[in-house]
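This report describes the fold and selected contacts of a single protein chain. The sequence and the model are shown first, and the sections after them may be read alongside the structure.

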Amino acid sequence: MKSGSSIIHTVSVNADSPKPRLLAYSATKAAIQNFSGGLAQLLGEKGIRSNTVAPGPIWTPLIPATMHGDHVEVFGADTPLGRPGQPVELIAPYVMLASDEASYISGATIAVTGGTPVI
């Protein structure tokens, strides 16, 4: 990769707040987040940035396919915004991180969570 390139990984809020029933998923996302942070340090001298986007509850076809009806009806309702996000609401952080406007952002995680803090 050339200087100015951007690597963007997708993780999850579950990387920081694992749920017991999603243990393998949460552990994998946490590993990717850690890997991305290490890449930011390793590749920074070459001018290559590495960041992650950490979605919270996002409404995708996977939700109704993998959850029971009662859970589907309340999916995302526990966020401060009171609803799940839509896939289109993830576009802005990816575009920004890929752009030259984010030339000094590396090693960061952008949480797209409907208001649930990731600290």
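## The salt bridge

Arg83 is partly exposed in this predicted model, with a relative accessible area of 37%. Its partner is Glu89: the two side chains meet in a salt bridge, with a distance of 2.8 Å from N to O. Glu89 has a relative accessibility of 34% and therefore also falls in the partly exposed class, which lies between the limits of 20% and 50%.

Side chains of opposite charge can pair when their charged atoms come close. The pair counts as a salt bridge because a distance of 2.8 Å between Arg83 and Glu89 is within the 4 Å limit applied to such pairs. A search of the whole structure finds one salt bridge.

## Overall composition

The chain contains four helices and three strands. Along the sequence, these elements follow the pattern β-α-β-α-α-α-β. The C-alpha atoms fill a box of roughly 50 × 25 × 25 Å, taken along the principal axes.

Of the 119 residues in the chain, 32% are buried. Among contacts between residues at least 6 apart in sequence, 67% join residues at least 24 apart.

## The parallel sheet

The three strands form an open sheet in the order β1-β2-β3, with parallel pairing. β1 and β3 stand at the edges and have a single partner strand each, so one side of each is left without a neighbour in the sheet. On average, and with direction ignored, neighbouring strands are turned by 20 degrees against each other.

Strand β1, residues 6–10, is joined to β2 by five bridges. Within this pairing, Ile8 has Asn51 of β2 as its bridge partner, and His9 stands opposite Thr52. On the other pairing of β2, four bridges connect it in the parallel sense to β3, which comprises residues 109–112. There, Thr109 of β3 is the bridge partner of Thr52. Thr52 is thus placed opposite His9 in one pairing and Thr109 in the other.

## Strand β2 and its two faces

How many of the residues of strand β2 are buried? The strand spans residues 49–55, and seven of its seven residues are buried. Both faces are covered. One side carries Arg49, Asn51, Val53 and Pro55, while Ser50, Thr52 and Ala54 lie on the other.

## Helices on the sheet

Helix α1, residues 23–43, combines with β1 and β2 in a right-handed β-α-β unit. In the sheet, Ile8 of β1 pairs with Asn51 of β2. Helix α1 packs on this sheet and touches β1, β2 and β3, with its direction at about 165 degrees to that of β1. Helix α4, residues 91–98, likewise packs on the sheet and touches β1, β2 and β3; its direction makes about 175 degrees with that of β2.

Leu22 is located in the loop between β1 and α1. With a relative accessibility of 29%, Leu22 is partly exposed. Its C-alpha atom is 20 Å from that of Thr52, and the two residues are 30 apart in sequence.

## Contacts of helix α4 and the nonpolar core

Tyr94 is found in helix α4. Which residues does Tyr94 touch, not counting those up to four places away in sequence? The contacts are with Ile8, Thr10 and Val53. Tyr94 and Thr10 are 84 residues apart in sequence, yet their C-alpha atoms are 9.4 Å apart in space. The relative accessibility of Tyr94 is 22%, so this residue counts as partly exposed; the buried class is limited to values under 20%.

The largest nonpolar core consists of five residues: Val53, Ile58, Leu90, Leu97 and Val112. Leu97 touches its fellow core member Val53. Not counting residues up to four places away in sequence, Leu97 also touches Ser6, Ile8, Arg49, Asn51, Thr52, Ala102, Ile105 and Ile110. Val53 is therefore a buried residue of β2 that belongs to the largest nonpolar core and is in contact with both Leu97 and Tyr94, under the limit of 4.5 Å between heavy atoms.

Technical notes: Residues are numbered from 1 along each chain as its sequence is written. This is a predicted model: local features need pLDDT of at least 70, side-chain atom pairs count only at pLDDT 80 or more; totals for chains, interfaces and linings use all residues. Side-chain values use heavy atoms; hydrogens and water are left out. A nonpolar core is a set of buried Ala, Val, Leu, Ile, Met, Phe, Trp, Tyr and Cys residues joined through side-chain atoms within 4.5 Å. Buried means under 20% relative accessible area, exposed over 50%, partly exposed in between (1.4 Å probe, protein chains only). Two strands pair if DSSP finds at least two bridges between them. A crossover is right-handed if, with the strands pointing away from the viewer, the path from the first strand over the helix to the second runs clockwise. Axes are lines fitted to C-alpha atoms, for helices over the stretch in contact, and angles run from 0 to 180 degrees between N-to-C directions.
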